[in-house]
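Biologist: Before we look at anything in detail, could you take me through how features of a model are read?
Modeller: Gladly; let us place the structure here and begin with the terms for strands.

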Amino acid sequence: MITVKEVLAAQNRIGPFIHKTPLMRSSSLSEATGADVFIKAENLQKTGAFKVRGAFNKMIGMNEDAVITASMGNHAQAVAFAARETGIKAKIVMPVVVSIIKEEATRGYGAEVILKGADLGQSLDFALSQKQYPFIHPFDDDAVIAGQGTIGLEIMDELNNVDAILVPVGGGGLVAGVGAAVKALSPSTQIIGVVTESAPAAYRSFLERKLLECPPRPTVADGVKVGKLGDRPFRMIIRYVDDIILVAEDMVALGVLLLMERAKMVVEGAGALPLAALLSHKERFKGKRVVLVASGGNIDFTVIDRIVRRGLVTNGRIVTFDVVADDIPGNLRDLTSLIAGLRANILDVSHNRLTQSLPLEKTLVTFTIEVRSREDGEALFARLRAKGFVTRDSSRFITGATRTTGAIDDVLH
């Protein structure tokens with residue numbers, strides 16, 4: 001189990017190779033949450049994520065011709081970059097489902113990429129089987145953990161009276177290193193890990209106080225899509241971490257959206273986990289000075305539109321709803337005029353006259369609209385009901401919400 005001594009040594013070792021990333025206060029996020037919010041912008045780190053810290057700390061001074069590792073992307077790029085800078089060849093094993101942007105970026109740093117395995121666990125198993133090469137573990141390694149912990153030193157060096165630091169958790173190396181550094185310098189500062197409900201291994205292990213494996217599900221936070229904490233990080237988490245918060249996928253998407261809108265920062269899903277936790281627990285952090293570790297910015301731009309759209313749905317600014325209306329000329333005009341009257345923008349509209357159990361004289365119209373706020377959406381539903389339309393907010397099929405606005409099921413059945 002490493003201590004702040006090893007983290008300080010890592011800081012001296014890797015300083016010439018990495019950026020000291022900005023620690024920025026966000027006035028807009030502070031106003032929105034009631035906390036005093038600072039963002040540690042590791043999305044601006046070399047290779048776009050915090051992982052270079054641990055990679056350099058592990059690889060500087062290695063007397064090896066080549067190394068191997070496995071990663072979903074950020075650790076892969078970090079090892080590839082560190083290998084290039086230190087004159088070592090790197091072989092990177094990545095799951096076949098890895099995002100294109102991370103695969104191509106890894107190749108761009110000069111590494112040999114091997115696509116093997118359906119998930120990170122299988123990629124790790126394959127990489128570990130290649131005994132002829134030293135293995136650089138993405139999180140279960142003392143030198144890697146110490147390197148990641150330098151983030152905690154930088155935060156403490158720049159900011160006083162920090163009440164809580166919120167840190168994304170996948171395999172646990174980041175939160176373990178930050179915890180070791182911060183608790184030595186400021187024992188009262190809470191170290192809080194954040195996981196998505198689609199990858200809850202760290203959360204359940206923390207609650208049970210034993211190392212548990214939980215196969216992850218698909219998630220917008222692919223950087224923390226890990227089924228089991230590392231042994232070393234787990235022991236350190238039990239010692240240094242005060243709590244681990246579980247957040248919903250929808251809140252992660254909202255976090256990505258708000259960091260773009262309010263902080264003008266491009267952050268990947270894993271990096272948005274701390275903001276998702278803050279948004280989900282505003283009362284807990286109200287009036288507190290909080291640091292959000294935005295761990296990376298390597299978001300796949302082929303899916304960013306879907307993540308942003310999901311965030312807009314979660315925020316109530318895009319709404320999909322069904323209306324049962326009389327199937328007569330002019331009714332659609334009345335509906336669209338009513339929507340336009342509330343300054344809502346219609347993104348899509350479709351008719352369905354063949355829904356089972358729908359009365360012959362009725363039609364089911366599905367709208368997707370853009371509104372300025374959740375309150376505007378609620379006002380629209382109230383106006384529709386006042387005009388006698390039966391409605392259902394079908395956005396719940398997208399977000400998992402359960403809100404309904406009318407007795408549409410009674411009409412259909």
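Modeller: Two strands pair if DSSP finds at least two bridges between them, and the elements themselves are DSSP runs numbered from the N terminus, helices being H or I over at least four residues and strands E over at least two. This is a predicted model, in which local features need pLDDT of at least 70 and side-chain atom pairs count only at pLDDT 80 or more, while totals for chains, interfaces and linings use all residues. Residues are numbered from 1 along each chain as its sequence is written, and side-chain values use heavy atoms, with hydrogens and water left out.

Biologist: How many bridges join β2 to β9, and do these strands run parallel or antiparallel?
Modeller: Strands of a sheet pair through backbone hydrogen bonds, either parallel or antiparallel. Here β2 (residues 36-41) and β9 (residues 289-294) run parallel and are joined by 6 bridges; within this pairing, Val 37 has Val 290 of β9 as its bridge partner.

Biologist: In what order do the strands of the open sheet follow one another?
Modeller: The open sheet is formed by 6 strands with mixed pairing, and its order is β1-β2-β9-β6-β7-β8. β1 (23-25) and β8 (243-247) stand at the edges with a single partner strand each, so one side of each has no neighbour in the sheet. On average, neighbouring strands of this sheet are turned by 25° against each other, direction ignored, where the axes are lines fitted to C-alpha atoms, for helices over the stretch in contact, and angles run from 0 to 180 degrees between N-to-C directions.

Biologist: How many cavities of 30 Å³ or more are there?
Modeller: Rolling a probe the size of a water molecule over the atoms shows where empty space is left. A cavity is a set of points, on a 1 Å grid over the protein atoms alone, where a 1.4 Å probe fits but cannot get out, and lining residues have an atom within 4 Å of a point; grid points are joined across faces, edges and corners, and a volume is the space filled by probe spheres set on the points. By this rule there are 2 cavities of 30 Å³ or more. The largest cavity has a volume of about 310 Å³ and 30 lining residues, of which Phe 50, Lys 51, Gly 171, Gly 223 and Val 224 lie nearest its centre. Of the elements, α8 gives the largest share of that lining, 3 residues.

Biologist: Which residues line the second largest cavity?
Modeller: The second largest cavity, with about 30 Å³ of space, is lined by Ile 39, Leu 259, Gly 271, Pro 274, Leu 275, Leu 292, Val 293 and Ala 294. β9 gives the most to this lining, with 3 residues.

Biologist: Is Thr 33 buried or exposed?
Modeller: Buried means under 20% relative accessible area, exposed over 50%, and partly exposed in between, with a 1.4 Å probe and protein chains only. Thr 33, found in helix α2 (residues 27-33), counts as buried at 5% relative accessibility.

Biologist: Where is Asn 161 placed?
Modeller: Asn 161 is in the loop between α7 (142-158) and β6 (164-168); its phi is near 55°, a positive value in a residue other than glycine, and at 67% relative accessibility Asn 161 counts as exposed. Arg 209, in the loop between α9 (201-208) and α10 (231-240), has a positive phi of about 60° although it is not a glycine, and is partly exposed at 46%.

Methods
1 Å grid on protein atoms, 1.4 Å probe; cavity = no way out; pocket = protein on both sides within 12 Å on 5 of 7 lines; lining within 4 Å.
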